[in-house]
Amino acid sequence: MKKILVFILISAFVSTGILCRKAADFPTENIDPRLSGGAATVFLSNSQAFGQMISGLSTFDQFIHELGDRTFEQTFVSAPAPHFPGLGPVFNNVSCISCHHNDGKGTPTMGAVTSSLLTRISIPGMDANGGPLQAEGFGLQIQDKANNGPVEAKVKISYEEIPFTFRDGQTVSLRKPTYTVTDPYRPLPAGYMTSVRMAPPVFGLGLLERVSSSTILALADPADKDGDNVSGKPNYVFNQITGKKELGRFGLKANVPTLMLQVASAYHQDMGVTSYLFPEESSFGQPQYINGGKNTDMADSLLDATTFYISTLAVPARRDVTDSGAIRGERLFAIIGCSSCHQPTLITAVDVRLPALSHQRIHPYTDLLLHDMGAGLADGRPDYDATGSEWRTMPLWGIGLFTKINGQGFYLHDGRARSITEAILWHGGEAKTAKDRFVQLTKGERNDLLKFLNSL
């Protein structure tokens with residue numbers, strides 16, 4: 001009887017052994033190149049392509065997604081008000097959608113309702129957690145609007161046009177910005193540093209949050225041991241929720257560790273809307289501050305819903321995958337070295353809660369690491385481990401739809417580039433070799449490379 005029982009148990013383990021295996025690697029053959037977001041891909045290429053829900057959500061999850069969508073688009077107003085009070089007392093804009101137009105990129109202007117630039121400010125040194133040191137009277141961000149007291153300051157932009165000519169005679173004009181802080185309500189502190197940044201797209205962030213830290217760190221080469229002049233390093237930043245330093249992956253300098261903190265800090269700094277993660281007004285200690293003695297401006301449920309909405313936005317499918325020019329451009333993208341930083345493929349970790357985001361083969365074209373981009377793109381302002389010339393690799397998925405989603409395409413961290421070609425020509429530092437190789441391409445080869453990028 002014991003032998004029979006042992007045989008049955010062994011047979012059971014063998015027959016169910018598949019349940020105990022590790023997840024197999026993705027096969028490289030028979031992969032549909034259109035699936036930029038894996039199962040979280042949407043086949044839509046119109047002006048609403050960045051705002052689509054991932055598939056497979058339960059009825060309840062769809063409700064939360066739609067609630068978050070409405071909150072993302074909601075205009076906040078100054079208190080007292082029956083609905084969505086809490087704007088200010090100092091702020092940059094009145095809603096998420098005002099900066100992230102159609103869930104896409106912003107517009108590189110300041111002051112108007114549709115403006116999407118913000119200006120970070122700090123002084124030399126680090127705070128207790130290793131982050132930027134606040135500028136007294138201004139905090140960590142210059143708010144150029146107020147509903148109580150004076151605005152903190154204004155920021156003016158002027159551009160210099162720098163002509164560039166390829167060997168074949170094609171000309172491009174590079175737009176070099178100069179940012180000037182004007183009309184501060186109090187003297188600016190000595191040695192202050194600023195960094196102007198434009199609102200990036202918000203789709204696909206749920207997938208990027210689920211790329212494991214080990215996957216990102218495996219791509220890092222801070223000492224450039226392989227000698228390719230491309231290092232890539234992680235940014236370790238403070239997580240207010242856990243009270244620990246963690247790998248940063250969100251923000252233009254990878255200066256935020258989680259999507260929840262990214263959303264909560266945007267509400268706090270951009271709109272002056274407090275939450276349980278940032279319960280004190282950004283203007284605390286300044287004359288604009290209002291001692292409310294009140295609850296936080298934003299309900300926990302609405303902050304959670306907004307985060308869930310962004311986390312469950314799908315990625316638009318790649319297009320023109322059989323176009324011969326785009327195929328040649330994809331090869332050139334790798335040959336000249338663009339893929340050293342803009343990693344074509346990543347795999348997300350398992351998430352049983354959201355299958356469409358779980359263990360997906362995705363094509364964001366980023367390594368989520370910091371790279372020195374040279375003096376031309378430097379802001380001179382450190383942010384945790386990021387130096388004043390280092391930026392996180394920008395994801396490229398959806399880049400070919402920017403003009404369709406937002407009208408005019410604007411590129412790079414501050415929107416200075418008006419075309420993809422301009423953006424490439426601004427690359428320096430670790431990306432200089434790839435940029436120089438791009439410059440040496442024939443006009444036909446450049447067109448193929450651009451055709452590939454516009455297919456993403």
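Below, a biologist and a modeller talk through confidence and two helix pairs in this predicted model.

Modeller: Ground rules: residues count from 1 along each chain as its sequence is written, and side-chain values use heavy atoms, with hydrogens and water left out. As the model is predicted, local features need pLDDT of at least 70 and side-chain atom pairs 80 or more, while totals for chains, interfaces and linings use all residues.

Biologist: What is the mean pLDDT of the protein?

Modeller: The mean is 93, and 93% of the residues reach 70 or more; pLDDT is the predictor's confidence in each residue, from 0 to 100. Over residues 1-24, though, it's below 50, and beyond near neighbours in sequence that stretch has two contacts (heavy atoms within 4.5 Å). Where pLDDT is low, don't read the predicted coordinates in detail.

Biologist: Why are α7 and α11 called roughly perpendicular?

Modeller: Helix α7 (residues 324-335) and helix α11 (residues 443-453) pack at about 95 degrees, axes 7 Å apart. Roughly perpendicular covers 65 to 115 degrees (under 35 is roughly parallel, over 145 roughly antiparallel, the rest oblique), so the label fits α7 and α11.

Biologist: Which residues of α7 and α11 meet?

Modeller: Among them are L332 and F333 in α7, and L449 and F452 in α11. By class, the contact has six nonpolar, two polar and five charged residues.

Biologist: What makes α2 roughly perpendicular to α6?

Modeller: The axes of α2 (residues 59-73) and α6 (residues 300-311) cross at roughly 100 degrees and come within 7 Å. That crossing angle therefore makes α2 roughly perpendicular to α6. Their contact includes I64 and F72 of α2, plus F308 and Y309 of α6.

How values were computed: Axes are lines fitted to C-alpha atoms, for helices over the stretch in contact, and angles run from 0 to 180 degrees between N-to-C directions. Helices (H or I, at least four residues) and strands (E, at least two) are DSSP runs, numbered from the N terminus. Ala, Val, Leu, Ile, Met, Phe, Trp, Tyr, Cys and Pro count as nonpolar, Asp, Glu, Lys and Arg as charged, and the others, Gly among them, as polar.
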